Protein chains: 4
Amino acid sequence: MKHTENRVSDIQIAYIGGGSRGWAWGLMSDLAVEPSLSGTIKLYDIDHEAAYKNQVIGNKLTAKETSVGKWTYEAVDSLKEALTGADFVIISILPGTLEEMKSDVHTPETYGIYQSVGDTVGPGGFVRALRTIPMFEEIGSAIKNYSPKAWVINYTNPMTICVRTLYETFPDIKAFGCCHEVFGTQKLLIEMLGEEKGIKNIKREDIKVNVLGINHFTWLTKATYKDLNLMPIYKEFVSKYHKTGYLKAQDDNWLNNYFTSGNRVKFDLFDKYSSIAAAGDRHLAEFMPPWYLVSPETANDWHFTLTPVSWRIKNRQELIEKSNRLYEGQEEMELKETGEDGVKQIKALLGLSDLITNVNLPNTGQIPNLPLGAVVETNALFTAGQLHPVQAGPLPSNILPLINRHVANQENLIKAYREKDRQGLINTFRNDPLINLSPKDSLSLFETMTDNTKSYLPDWILK
Amino acid sequence: MKHTENRVSDIQIAYIGGGSRGWAWGLMSDLAVEPSLSGTIKLYDIDHEAAYKNQVIGNKLTAKETSVGKWTYEAVDSLKEALTGADFVIISILPGTLEEMKSDVHTPETYGIYQSVGDTVGPGGFVRALRTIPMFEEIGSAIKNYSPKAWVINYTNPMTICVRTLYETFPDIKAFGCCHEVFGTQKLLIEMLGEEKGIKNIKREDIKVNVLGINHFTWLTKATYKDLNLMPIYKEFVSKYHKTGYLKAQDDNWLNNYFTSGNRVKFDLFDKYSSIAAAGDRHLAEFMPPWYLVSPETANDWHFTLTPVSWRIKNRQELIEKSNRLYEGQEEMELKETGEDGVKQIKALLGLSDLITNVNLPNTGQIPNLPLGAVVETNALFTAGQLHPVQAGPLPSNILPLINRHVANQENLIKAYREKDRQGLINTFRNDPLINLSPKDSLSLFETMTDNTKSYLPDWILK
Amino acid sequence: MKHTENRVSDIQIAYIGGGSRGWAWGLMSDLAVEPSLSGTIKLYDIDHEAAYKNQVIGNKLTAKETSVGKWTYEAVDSLKEALTGADFVIISILPGTLEEMKSDVHTPETYGIYQSVGDTVGPGGFVRALRTIPMFEEIGSAIKNYSPKAWVINYTNPMTICVRTLYETFPDIKAFGCCHEVFGTQKLLIEMLGEEKGIKNIKREDIKVNVLGINHFTWLTKATYKDLNLMPIYKEFVSKYHKTGYLKAQDDNWLNNYFTSGNRVKFDLFDKYSSIAAAGDRHLAEFMPPWYLVSPETANDWHFTLTPVSWRIKNRQELIEKSNRLYEGQEEMELKETGEDGVKQIKALLGLSDLITNVNLPNTGQIPNLPLGAVVETNALFTAGQLHPVQAGPLPSNILPLINRHVANQENLIKAYREKDRQGLINTFRNDPLINLSPKDSLSLFETMTDNTKSYLPDWILK
Amino acid sequence: MKHTENRVSDIQIAYIGGGSRGWAWGLMSDLAVEPSLSGTIKLYDIDHEAAYKNQVIGNKLTAKETSVGKWTYEAVDSLKEALTGADFVIISILPGTLEEMKSDVHTPETYGIYQSVGDTVGPGGFVRALRTIPMFEEIGSAIKNYSPKAWVINYTNPMTICVRTLYETFPDIKAFGCCHEVFGTQKLLIEMLGEEKGIKNIKREDIKVNVLGINHFTWLTKATYKDLNLMPIYKEFVSKYHKTGYLKAQDDNWLNNYFTSGNRVKFDLFDKYSSIAAAGDRHLAEFMPPWYLVSPETANDWHFTLTPVSWRIKNRQELIEKSNRLYEGQEEMELKETGEDGVKQIKALLGLSDLITNVNLPNTGQIPNLPLGAVVETNALFTAGQLHPVQAGPLPSNILPLINRHVANQENLIKAYREKDRQGLINTFRNDPLINLSPKDSLSLFETMTDNTKSYLPDWILK
């Protein structure tokens, strides 16, 4: 890397995955509009063709006159090539294919278990985790060998499992996990301030929140805007929209504009627990007992929908087609900030400007009533070459057991995997709040689901 | 008190409750056969007549020539009178009447929730706790005022809530909670050794167990007899009797010989979690999700039965009649050790002989992976004027979340009660694994049940 | 308060103390050059005349055309008046008079104990703490009664004792303690970068440091500037200047330009402990065993001097004279930023711009290997209405016992004071590393010193 | 092993060391008078001749008619031979020779540092630890390989370092460290009860104490005998004998009858800290600042003497001569219980009878305010195949920093050794309270002392 006055050049980024297009293009776009950084991005994907197409697409973008951030994209053939010399590593993979995800999401429906996303907790998140752990063990080992000093940014789900596995595999890794779910809630609070207080043009960054919990099940215990304490205002707002939902505050980020909700789950959780649930309703619902997910209709009553994997398959096809058009030059990539924090984090770690944002890191005390070592989500300070969690304080007593249950499951899942303890896996599977089945049925579901993903699993897990 | 060589006389015991007869008579009998102790027992019960009859019955027992332990029984009219000057306080009350218990146990059945006991956790235990807390606040305050140096032995359920409330009310109290549930498992292990190894005439005390957990949901991580590690033997035993149950090892203590089970729940839990669940099946089943309590039939399939409160009412009537006969002299109390540890604990605390046995105490580190301060059950060392928990080590990782959930509920129940936080109570009620209902139904059950016990509750809890 | 676009008016600040002039004038100056804030400052000092003169001086400053921050100064007669309605409280008092300080600093010299400052630890800091605790109990109670929601900024020494006492007295207080000692080390690192790397014009804020420890005994485990890791550069720098000292990097803040040193203590500590001691040498020397303070000559060998209280008395006289001149209008206050963070902290808490800086707060986990509750110094995030420590990570293992000893002493001093435990005070006094005396001599010193300050102490401390 | 009714035969014990005779003969004698145990003892010592003579001496003892415990003694040539098949391992070695110990004890005298024992802390204990760690790494590894299930009893000093190293080397080891120092204080309390209360013939085991701290620096926070709280009685006793000392209560165990003291250090510590220091004065004095060890005369004023290594050399010669006489049959070993707990511990672990006694074990919470993992001394429950610490509760606040300093030193010494961190060793050396020297002198002492023991040390420690 070369630092000059407020600019850094010759940065080397390894991008692992990204063949699924969306995230990679977002990053390309964010980098292209950022004038202070430049360098090389090594693209590695098990789908080499996808990586190669991204190389061409990325370099076309760089060639545009309007691109102020100039990057060279280069598809490589191995993790080793991608990582060697990397200053930053970005991991954004799909663990398995959408065929496996179809089983994750829809097989449990035969037992009356409905999932709105299916990639974090619940039976779908659990089985996805089983596929993911060995992949992240491999990536973690490769980082240890080829780029031990690099900053590692993970976007892959299940986030907690991914980050925890990286630290298990290589304890000195400088890894963190990023997720934009909290941003949506900041935007909702902006809408609220417009509606309740007539304040306009608030920037997301100016909604100051104290975030704590685990990925996709984060909570805000404090939210302020300048001199305003937003908690009592939100209380009013919730009482107004609890029944009808509130639709305006949708995230219009092109990455996920499909996924709207009326925030009724978020409002209902506030009503019960007096803190603001920070993730989107589709995620929140999966962490609770099946209150909001009794059936697709219940979900609709709560103003959100279950995302079928068929949609993802169709969407993927569209992305492949778009990829081809971009590759062939039939379409041009739009230059536009995504609102994601990735590039800001890189700038902050390079010493160009401090950043406070929420990330996933092992708990070293930032949430004093969760176990040390478990991966948690709070704010952190990104500053020149340093990353420090911000102390979030303890989880409120009524929220604590809800989160502790998932923390125990995530810890036990990884422990059982590493110890090859099949019964431990089954015990953990059964402790998920969505898996509200008799032991017989939960075992049978476990066996069907692991069988459906068996090409990714070691033998000892299979019956 | 007066200590002479291996004898202590002039001991003063306050017995709070006991009108329900069973436990009081057990203690009388144990004291009468113990030659090294004598003194006075002040009986206090809100049912003064019951206390008075116990006075007469007790003094008749003392008058018997065969009674080697000579005690004067004296019914008193107030907590103050009972406590002033007491060296030991024994608390064994019924919180409310059997009418309230009928609601605790049977109202939830209208929502498909079945309880085998209904006095510890589950909806019944929860509502019973609400009645109990103020009673124990009153008793704790009275002890603080009238007998702050006395040792306090609690037998009342819900045990954890009772002991925790005493310490909340008077942090310097020297209280502990006793429960004989673990003894049954020691006896089962004796039966097992007879059957599997041909060893006979083993004393319960010689089955050395490492107990840990919370009352009625305790586990053994170690069990030894002389040079034998009992865990692998138990594994064999479980595989033999998992399906059929094992009926011989019944507790024939006259206090609870009604309550037989085939130990199938215990065996099933071992099969899943590799530690020995130590309480009786009827209690264990209530701490788990409704796996063993889907219906009365499910319970029967698992070889245990739900105790109807009607039986308790009938049994109570029989005890009253027996009480009258004893009082009138138409019947004589049998002199016989109950197998309970109460008298041994008193002897140990008086310095007559050390004792290791399981009790309920605030966690000061004896179970390092449960929260400090929560009331937990482990072994403890009773010795002259000192009581120290024995370090039990951490709960196994798969059992931890099962117990942590109840610990959080118990802590939050007391917190919400003390802070008059109705929503906190409802949140906690909903987090009980047996209360597997929609939020709407759980609220409705909460309201019905609290209404049924409303004469014991403060207004803010009621709708 | 009134918030408008990037400005806050009608702020009310209570300034407790400040009669000693220096700190108060610094704040006045910083406020006068800050355009985004305005309001009223209530000045309360037990020396009412000093407060009144500051009122006049402050209002003169406000009247100057060049003052862009407009504040009304108002001397008041009671804590109650000062605090009622306050948004911020600033505490900067002298606990006792310079006569008492003379005893703190110089009495121990008769036992061969030399102190370079005498206001934090060592015998001087200890006895000063005894005078300070009741004052801060009074201030804490008044804040609880009159301005419980105010942010409270303490500048008084002994810092740790002051902040800890405020939290002991009023646990919900929003107090923190500020100290500029770390800034000097950041400036030293700037000098170093100029010298070693030829980098010029670095702003202090761009030297990113991970601060941890206790006030005046803080350490940096990380220091970065943009992409540079400053630790290996500092290692070189230390090896170059270890023997000769390095004099250029002096703090030229007018508040403390008297107090120069050659940084030899700081360099020697780095040599031994591999982290950068962050406070000034005069403070650092007092926390260690008497390695650097065997005698005034030893101190001089290490390139620092002992500040005699006679200098403070003389300096005070000069300040009083200057005060009179400012009051009379014979001299004008210079408008100039002091480099202190106080005004920036206020702005950040008002939501005008985030700030990361080092402060003293109770440990809630920011230093996981120090006791929870003890007051520690680390970075913290100041943001709209919120203050959160930044996780600093554990103290390095060789530094830990050095700090732990002082933490124990500070905790035990307060505990013994609150429990009126004279022997506890003496035990703690003896555990100070500078008090390297026989028990007989340390007792005699304790008695002499407490006698010298007896008008500020309760009877039970005196012999 | 073979268990029959209350007897265990075919026990195999590995005895590592013991060539120094005293401890080995004590064990032989204790085993010979114990009827319930028998088996084989494999003797391994680097001085093979000593081991062989002990074989002959032991077998002669077994041959005596009056010996009721029959053991076969067998000298072996390697650790492997000794350990293979062992049920118990006893470690009692001299780390280095008395020549090295001479340097440990007497070299510091040239710097004015006097040590009464020199084997635990202080400069002597520190350097002895450096020699000991590699020996215990070797023993720990051998146990891991050859007898991983054996119970391991250590008698070697420095106790804490030995036990900690065993657990560092083999975390699953079942090791504990035994020390009889606390017994002397129990005997002193018996004397006191005789004198103050006229109670006679009290058995040591009936003085119930709550022990906590680290080896040779243990404290009693509770002491009871039957219904008597001994603390107020001891307070009286101390005030009576503080000045004159109390000589009667001497340990007349033949193993250490040389080492008398007047208990004045113990009394003085009680006077200051209100708990009973439990180790002997000669050990206690070394853990404190040089209050009691300014000079040999100071020690004498406090009624104890410094043990010169010349005495140990002479004593050793006498033991060798006695050994020869025993070996030749010119003298017979006396059959007599030593009062040590070793054989009782073995019996308890074999399930023959429970035992509560003080031992050294890693802290898993038994002392909640000391770091987890550090080796601490508290009571523990020995029962069939199980060993559990008894919860001792927190150290009193004034004693905590005294002990924490040594705990940090012990932890840091081992850490620095394992990380080959010479500066870390020197930092730790300097943090010892007895090493009250300038950095220059402490470095010079460190270098001289390590040079004196260099044949036992790795090169990186030497200059």
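**Where chains A and B meet, and a buried lysine in chain D**

In this predicted model, 21 residues of chain A are in contact with 21 residues of chain B. Together the two chains bury about 1800 Å² between them, and 48% of that area lies on carbon and sulfur atoms. Turning to the elements involved, helix 9 (264-273), helix 14 (400-418) and helix 15 (422-430) of chain A are the ones that give two or more residues to the side of chain A that touches chain B. The largest share of that side, six residues, is supplied by helix 14 of chain A. When the residues on this side of chain A are sorted by class, seven are nonpolar, nine are polar and five are charged.

What, then, does the rule find across the interface of chain A and chain B in the way of residue pairs in polar contact? Nine such pairs are found, with both residues at pLDDT 80 or more, whereas the count of salt bridges across the interface of chain A and chain B is zero.

A second place to look is chain D, where D:Lys266 belongs to helix 9 (residues 264-273). D:Lys266 is buried yet has no salt bridge, and the nearest side chain of opposite charge, that of D:Asp281, is 4.1 Å away. Because a salt bridge needs a side-chain nitrogen of Lys or Arg within 4 Å of a carboxyl oxygen of Asp or Glu, the 4.1 Å between D:Lys266 and D:Asp281 does not qualify. Leaving aside residues up to four places away in sequence, D:Lys266 nevertheless touches D:Asp281, along with D:Thr185, D:Leu188, D:Tyr234, D:Ala277, D:Ala278, D:Ala279, D:Gly280 and D:Leu284.

Technical notes
Residues numbered from 1 in each chain as written. Chains lettered and ligands numbered in written order. Predicted model: local features only at pLDDT ≥ 70, side-chain atom pairs only at ≥ 80, totals over all residues. Heavy atoms only, no water. Contact = heavy atoms within 4.5 Å. Buried area = accessible area lost by both parts, 1.4 Å probe. Polar contact = N/O pair within 3.5 Å; in protein donor to acceptor, adjacent residues only side chain to side chain. Helix = DSSP H or I, 4+ residues; strand = E, 2+ residues; numbered from the N terminus. Nonpolar A, V, L, I, M, F, W, Y, C, P; charged D, E, K, R; others polar. Buried < 20%, exposed > 50% of the residue type's maximum accessible area, 1.4 Å probe, protein only. Lys, Arg positive; Asp, Glu negative; His and termini not counted.
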